Amino acid sequence: MTRDALDDWLAPYAARSGASRGRRLAEPEAATRSAFQRDRDRIIHSTAFRRLEYKTQVFVNHEGDLFRTRLTHSLEVAQIARSVARNLRLNEDLVEAISLAHDLGHTPFGHAGQDALHECMQPYGGFEHNLQSLRVVDELEERYAGFDGLNLCFETREGILKHCSVENARLLGDVGERFLLKQQPSLEAQLANLADEIAYNNHDIDDGVRSGLITLTQLLEVPLVARHAHTVRNDHPELPGRRLVHETVRRMINTLVVDLVAESGHRIAAAAPRSIDDVRNALPLLGFSPAVRAEADELKRFLLRNLYRHYQVMRMSAKARRVVTDLFNAFMDEPRLLPQDHQARAERDRPRAIADYVAGMTDRYAMKEHQRLFAVGET
């Protein structure tokens, strides 16, 4: 589909690459790709995206090769988001770019690493992974001769920055403006956020069962799971446990996606936005129906109680926090322990340069770096 044909097909309230608010540094258009396709490709080829292969969701990288990583999660988010975008006639290329980039700023060891780094950075402005993802694409990637970062379009950068304090928004220029004006982002950005929720809730079920930390019997306490598991058992009475879980999760994802498309369609029809500017000045237009929202929230609460706060996960999280804290403090005490390029950054802003270095680590690299700095006999 040509760019002109795509623009004709898109809903009037969808984001259009030809009407983008542009890049931080102007560049000639690509001959064969739209601006948002170019953003997606730059993200895929970035160092930060490649490192997501060894950054975890819940389970630390060395705990097994079968658990999801930030990379596989990002691909799953992009798949779900594109499917919904096509049904709502939104810009698939933009929603894919946002989905693939949304976790680029995540620390090693998932939320435990993020919490530890935020605590270390409290006296220096804190640490938040959405801001760090934006920092990665705006400044930290070093691939292009003419600029730092990836020089992405405004709409992609806006979608990456899901949350932001007023204080930080004032420092971010155009991309922080909506937080000051209390506006909404594009529907593509709203969609990437919801696809992220669908992906991690349902796939954490799969990983939790695979790990043995939660059981199918426990999961049947959750109405959303029980309803689909009961249907699968009726349809396939002899299905073994592993395939029963997969089939249940697959059907749950389908239910959430179908409901998201239907409910969002109703909201859009009621608000009747005629442009992306109308979207920005409306209430959030994408979401689940009240009944499905309640079921999804109950699933979140179940996972929090039974998986994320499981004692084995908590033990690993405690170790992860110690690794991140030890690394940060060691580099703060002696910045000459940093690699040469990070030492140069540390001369300008030591805490932020160290946070950038630690956040960019994979799980296994962080553990090896900790061992090199603290284990006797290591180099």
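Helices here are DSSP runs of H or I with at least four residues, numbered from the N terminus. With that in hand, welcome to a short tour of this structure. Residues are numbered from 1 along each chain as its sequence is written. The model is predicted, so local features need pLDDT of at least 70 and side-chain atom pairs count only at pLDDT 80 or more, while totals for chains, interfaces and linings use all residues, and side-chain values use heavy atoms, with hydrogens and water left out.

## Two helices and their spans

Let us start with helix H14, which covers residues 241-271. The expected span of a helix is 1.5 Å times one less than its number of residues. For the 31 residues of H14 that gives 45 Å, and the end C-alpha atoms are 45 Å apart, which agrees. Just after H14 comes Ala272, with a positive phi of about 50 degrees. Ala272 belongs to the loop between H14 and helix H15 (276-280).

Helix H7 (residues 129-140) makes an interesting partner for this check. A straight helix of 12 residues would span 16 Å, but H7 spans only 14 Å between its end C-alpha atoms. At the N-terminal end of H7, Glu128 acts as a cap: a side-chain oxygen of Glu128 lies 2.9 Å from the backbone nitrogen of Asn130.

H7 is also mostly covered, with 10 of its 12 residues buried. Buried means under 20% relative accessible area, exposed means over 50%, and partly exposed lies in between (1.4 Å probe, protein chains only). Among the buried residues of H7 are His129, Arg135, Asp138 and Leu140. What do the buried residues of H7 pack against? Their partners are helix H3 (47-51), helix H5 (92-101), helix H6 (110-121), helix H8 (154-160), helix H18 (340-348) and helix H19 (350-359).

## Where two helices cross

Next, look at helix H13 (residues 223-235) and helix H16 (residues 290-308), whose axes come within 8 Å and cross at roughly 105 degrees. Axes are lines fitted to C-alpha atoms, for helices over the stretch in contact, and angles run from 0 to 180 degrees between N-to-C directions. H13 is therefore roughly perpendicular to H16, a label for angles of 65 to 115 degrees. Pro223, Leu224, Val225 and Arg227 in H13 meet Glu295, Glu298 and Leu299 in H16, where contact means heavy atoms within 4.5 Å. By class, this contact has four nonpolar, no polar and three charged residues. In this scheme Ala, Val, Leu, Ile, Met, Phe, Trp, Tyr, Cys and Pro are nonpolar, Asp, Glu, Lys and Arg are charged, and the others, Gly among them, are polar.

## Some residues to visit

Here are several residues with their places in the model and their relative accessibility.

| Residue | Place | Relative accessibility |
|---|---|---|
| Leu100 | helix H5 | 2%, buried |
| Phe109 | loop between H5 and H6 | 5%, buried |
| Gln184 | loop between helix H10 (177-181) and helix H11 (187-211) | 18%, buried |
| Ala272 | loop between H14 and helix H15 (276-280) | 45%, partly exposed |
| Leu338 | loop between helix H17 (311-333) and H18 | 2%, buried |
| Glu369 | helix H20 (residues 363-374) | 7%, buried |

Phe109 has a phi near 65 degrees, a positive value in a residue other than glycine.

Which residues does Leu100 contact, leaving aside its neighbours within four places in sequence? They are Arg40, Ile43, Ile44, Phe49, Leu52, Ser74, Leu75 and Ala78. The C-alpha atoms of Leu100 and Met252 are separated by 22 Å, and these two residues are 152 apart along the chain.

Not counting residues up to four places away in sequence, Leu338 touches Phe331, Gln343, Ala346, Ile354 and Tyr357. Leu338 and Ile354 are 16 residues apart along the chain, and their C-alpha atoms are separated by 8.1 Å.

With neighbours within four places in sequence left aside, Glu369 is in contact with Leu327, Phe331, Tyr357 and Met361. The side chain of Glu369 also makes a polar contact with the side chain of Arg372 (2.8 Å). A polar contact is a pair of N or O atoms within 3.5 Å; within protein, one must be able to donate a hydrogen and the other to accept it, and residues adjacent in sequence count only if both atoms are side-chain atoms.

Finally, the contacts of Gln184, leaving aside neighbours within four places in sequence, include Glu158, Arg178, Gln190 and Pro284.

How values were computed
Parallel < 35°, antiparallel > 145°, perpendicular 65-115°, else oblique.
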